Amino acid sequence: MGSSSFLWNCTKKFVTAAVITVTVSDRFATVVPVRGGSMSPTLNPRTGSLKEDVFDDYVFVEKFCLLGYEFSNGDVVVFRSPTNHKETHIKRIAALPGEWYGTHHNNDVIRIPLGHCWVEGDNSASSIDSKSFGPIPLALIRGRVTHVVWPPQRIGAVKSTPPQRLSSVSE
């Protein structure tokens, strides 16, 4: 009798903790791994040192920015791929809705449609981004990266700085 009561109490606590964790992760904040080098040197910098190259960065992603789609040029965001909903990408916002943006890969100037933004990786040589699939809908954004939380030697804030090599002009 005592062991079934103990199991029931443990089960209730586990289910409660799981529901709270899923709610916080879905609505407020989460931690995600960064794969690949498209955001290097900001995320996953490769220094050649085996000690630092062993771990991928893990980043803290806040989701309060999604309430009013409040983003700025230079924000690093996590978004669903516009070509494959199962993939997520981490890139930097280079242009916001209504802005004119000069693309350097084909020397074209485009106006970013309302409800969309232009994203690019910091390491353009190995980045699949808006140069490949065009402006992305703001609705695909899952949150804004604010901090690196792992590995310990890289813990710190992620700066929200617009890419300097790119030009964007507001109307």
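**Surroundings of S38, K91 and D57**

Leaving aside residues up to four places away in sequence, S38 touches I90, K91, G121, D122, N123, S126 and S127. The model is predicted. S38 sits in the loop between β1 (29–33) and α2. Its relative accessible area is 11%. The cut-off for a buried residue is under 20%, so S38 counts as buried.

One of the residues touched by S38 is K91. The two side chains make a polar contact of 2.6 Å. K91 belongs to strand β4, which covers residues 88–95. Its relative accessibility is 4%, and K91 is therefore also classed as buried. The neighbours of K91, again without residues up to four places away in sequence, come from several parts of the chain. They are S38 and M39, then D75, V76, V77 and F79, then V119, E120 and G121, and finally S127, I128 and D129. G121 and S127 appear in the lists of both S38 and K91.

S38 and K91 are also linked by a record. The UniProt annotation "active site", from an unreviewed entry, covers both residues. They span 54 residues in sequence, yet their C-alpha atoms are no more than 7.9 Å apart, so the two gather at one spot.

A further buried residue is D57. It is placed in the loop between α2 (50–53) and β2 (58–62). The relative accessible area of D57 is 2%, so this residue is buried. The side chain of D57 makes a polar contact of 2.8 Å with the side chain of R154. Apart from residues up to four places away in sequence, D57 touches V32, P33 and V34. It also touches T42, L43, N44 and P45. Further along the chain, its contacts include V148, W150, P151 and R154.

These residues belong to a chain of 171 residues, of which 36% count as buried. The chain has three helices and 11 strands. From the N terminus, the order of elements is α-β-α-β-β-β-β-β-β-α-β-β-β-β. Among contacts with a separation of 6 or more, 60% join residues 24 or more positions apart. The chain exposes about 10100 Å². Carbon and sulfur atoms supply 60% of this area.

Note on methods: Residues numbered from 1 in each chain as written. Predicted model: local features only at pLDDT ≥ 70, side-chain atom pairs only at ≥ 80, totals over all residues. Heavy atoms only, no water. Helix = DSSP H or I, 4+ residues; strand = E, 2+ residues; numbered from the N terminus. Buried < 20%, exposed > 50% of the residue type's maximum accessible area, 1.4 Å probe, protein only. Contact = heavy atoms within 4.5 Å. Areas by Shrake-Rupley, 256 points an atom, 1.4 Å probe, with all protein chains shown as cover. Polar contact = N/O pair within 3.5 Å; in protein donor to acceptor, adjacent residues only side chain to side chain. UniProt positions renumbered as here; feature names shortened; annotations may be inferred.
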